[in-house]
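Here is a short briefing on how two parts of one chain meet. Have the model open beside you as you read.

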Amino acid sequence: MLKLKLKNILFLLAYALPNTLLSFGIVYIINNVLAGNEAFLKDYMGIVFLAIVVYTYLLNIAFQKRLNEFSFHMLYENEKKIFDKVLTAPLMKLEKYGSKRFFTAVEDLRTFSFLPFTITHTVNSILMLILCLAYMFTLSIVSAFIVIGLIIMVAGCYFLVINTMSRQVGKLRTYNENYFQYVDDVMKGFKELKLSFFRRENLMNRFLVPNRNEARDLDFRINYIFLSINLISQYGLYFVIAVILFLLPSIGLLPRENVIAYVVMILFSSGPINNLINLQQMYTRFRVANSRLRKFMEDFDISGTGAIVKPAAFSDDFQSLKYQDICFSYQTDSAEASFALGPIDLEIQQGEVIFIIGGNGSGKSTFINILTGLYAPTEGQLLLNGAVEKDNREKVQQLISAVFTDNHLFSHNYEDYEIENNETYRELLAVMELDKIVSGEKDEAARRRFSKGQSKRMSLIFALLEKKPILVLDEWAADQDPHFRKFFYEVLIPKLKREGKTIIAVTHDDAYFHHADRIIKFDYGLIVKDVQVSSAERHTESLWA
């Protein structure tokens with residue numbers, strides 16, 4: 001998911017190499033001064049020492065600025081990429097996995113904000129450790145090998161324990177994913193929860209409380225283990241120093257005059273060793289986060305660039321839309337079809353008013369998703385203006401504006417039109433009887449809280465401002481009061497038809513069926529009736545039979 005480019009690696013090395021050499025130079029001077037080396041007791045050595053310290057400090061300040069720029073750029077650019085890719089994902093993927101996967105993906109991505117810091121400290125620590133060990137070899141080869149063996153033994157104990165934590169960290173992520181789902185249930189089902197004591201109690205005591213309790217205990221165990229094994233490096237260091245002070249000199253492997261130099265090197269290299277050991281928990285979190293991000297990309301089937309591509313050319317030239325042998329089926333995780341639509345053969349002409357009817361589960365909503373291009377048919381052909389082209393589904397989407405049954409008013413204006421000083425917008429507010437409710441032409445006034453019926457009227461206004469030739473309305477009138485429902489069927493639909501709109505509306509209002517040109521009935525995923533409406537006297541009972 002996230003990779004360092006070659007130029008970034010070279011930049012890290014360009015900093016790490018001189019920084020490591022300067023830092024080692026500081027230790028080397030300290031060690032020789034303590035050892036009483038005459039060459040390091042000159043008057044100018046204090047100035048050299050302070051100069052190296054100041055230069056090292058300035059190098060770190062300059063690098064940390066660049067490092068933070070890189071880190072934040074990487075984080076926020078990848079957040080935009082994740083968001084961009086979700087927008088290009090198929091609707092079925094979002095319906096299957098839900099918004100919680102998106103939130104946890106962003107949370108996993110945030111983990112990588114520590115990646116540059118972690119890599120920098122890893123490179124610095126490795127280089128510093130190599131220099132310290134090399135210096136030890138110049139003093140005593142056998143003692144250096146013994147010290148390296150002890151360090152490897154202590155680090156091995158640490159890595160053995162920490163590598164077992166990856167699965168536990170992944171399990172904790174799953175707990176948090178489920179928690180976000182419960183939060184979503186509370187936000188979206190708040191009214192239903194308020195109406196049922198048992199529903200609230202079950203959500204709290206059977207789901208949320210056990211989830212948080214288990215997550216708390218697991219999070220505590222993970223952090224306790226991380227804390228405990230971090231102490232290995234500290235007390236392991238004491239063990240290594242004890243070997244240098246008491247064992248190696250007594251068996252003649254390390255001269256007494258070199259003990260101080262060895263201890264100084266060990267004390268100074270303890271910082272890099274602790275860094276390398278302690279940073280392993282970050283690498284564990286990186287592995288888990290990276291694995292989950294890859295799974296996220298695979299699940300959403302968006303492994304490509306994910307860029308939102310503007311249609312090459314938008315044309316509102318629409319004469320007809322024809323579906324030939326269109327089929328669609330929902331697939332379960334076991335690859336079995338749970339519901340099938342089709343085969344569907346249907347032709348829609350420009351300017352028609354078509355009402356879609358049918359019982360619950362008859363296939364109306366699935367067909368609307370096929371019509372609007374949100375679902376891709378598994379079989380069949382789509383002809384736009386009599387022609388079959390590869391990108392017809394995308395072209396049809398550019399011809400359609402829609403108000404779905406679960407309409408949503410966006411918090412900001414994402415369209416290519418403005419509502420301020422927009423005469424058409426003012427006229428539509430009056431037509432929808434919202435001119436007294438929406439005060440002013442500021443965008444914020446149109447995006448406040450409305451009743452469900454008013455919200456759908458605002459959504460219809462925004463859909464009409466798109467000025468697209470096809471208007472799809474999914475049970476739009478169901479939330480309107482009787483007065484405005486009558487106005488919608490008897491005044492608004494005829495007005496839109498005269499303006500050249502092609503209207504496809506899902507409805508159950510059989511009292512107004514005579515205002516349609518055609519009525520199409522779905523049942524068990526098939527079109528069972530396609531009726532031309534010839535007069536207001538047509539009996540609607542036969543349509544429901």
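Let's start with one ion pair: Arg292 and Glu177 form a salt bridge, with 2.9 Å between the closest N and O atoms. Keep in mind that this is a predicted model. The wider setting of that pair is the interface of domain 1 and domain 2, across which one salt bridge is found.

**Polar links**
- Between domain 1 and domain 2, four residue pairs are in polar contact, with both partners at pLDDT 80 or more.

**What domain 1 brings to the contact**
- Three helices, H4 (99–111), H5 (115–139) and H11 (280–299), each supply at least two residues of the side of domain 1 that touches domain 2.
- Of the contributors to this side, H4 gives the most, with seven residues.
- By residue class, the side of domain 1 that touches domain 2 has seven charged, five nonpolar and four polar residues.

**How the chain is divided**
- The domain assignment places residues 1–140 together with 285–307 in domain 1, residues 141–254 in domain 2 and residues 320–544 in domain 3.
- Measured out in residues, the contact takes 23 from domain 2 and 16 from domain 1.

**Distance and buried area**
- If you like numbers for the overall arrangement, the C-alpha centres of domain 1 and domain 2 are 22 Å apart.
- About 1700 Å² is buried between domain 1 and domain 2, and carbon and sulfur atoms account for 58% of that area.

Note on methods. Residues numbered from 1 in each chain as written. Predicted model: local features only at pLDDT ≥ 70, side-chain atom pairs only at ≥ 80, totals over all residues. Heavy atoms only, no water. Domains from an automatic or database assignment. Contact = heavy atoms within 4.5 Å. Buried area = accessible area lost by both parts, 1.4 Å probe. Salt bridge = Lys/Arg side-chain N within 4 Å of Asp/Glu carboxyl O. Polar contact = N/O pair within 3.5 Å; in protein donor to acceptor, adjacent residues only side chain to side chain. Helix = DSSP H or I, 4+ residues; strand = E, 2+ residues; numbered from the N terminus. Nonpolar A, V, L, I, M, F, W, Y, C, P; charged D, E, K, R; others polar.
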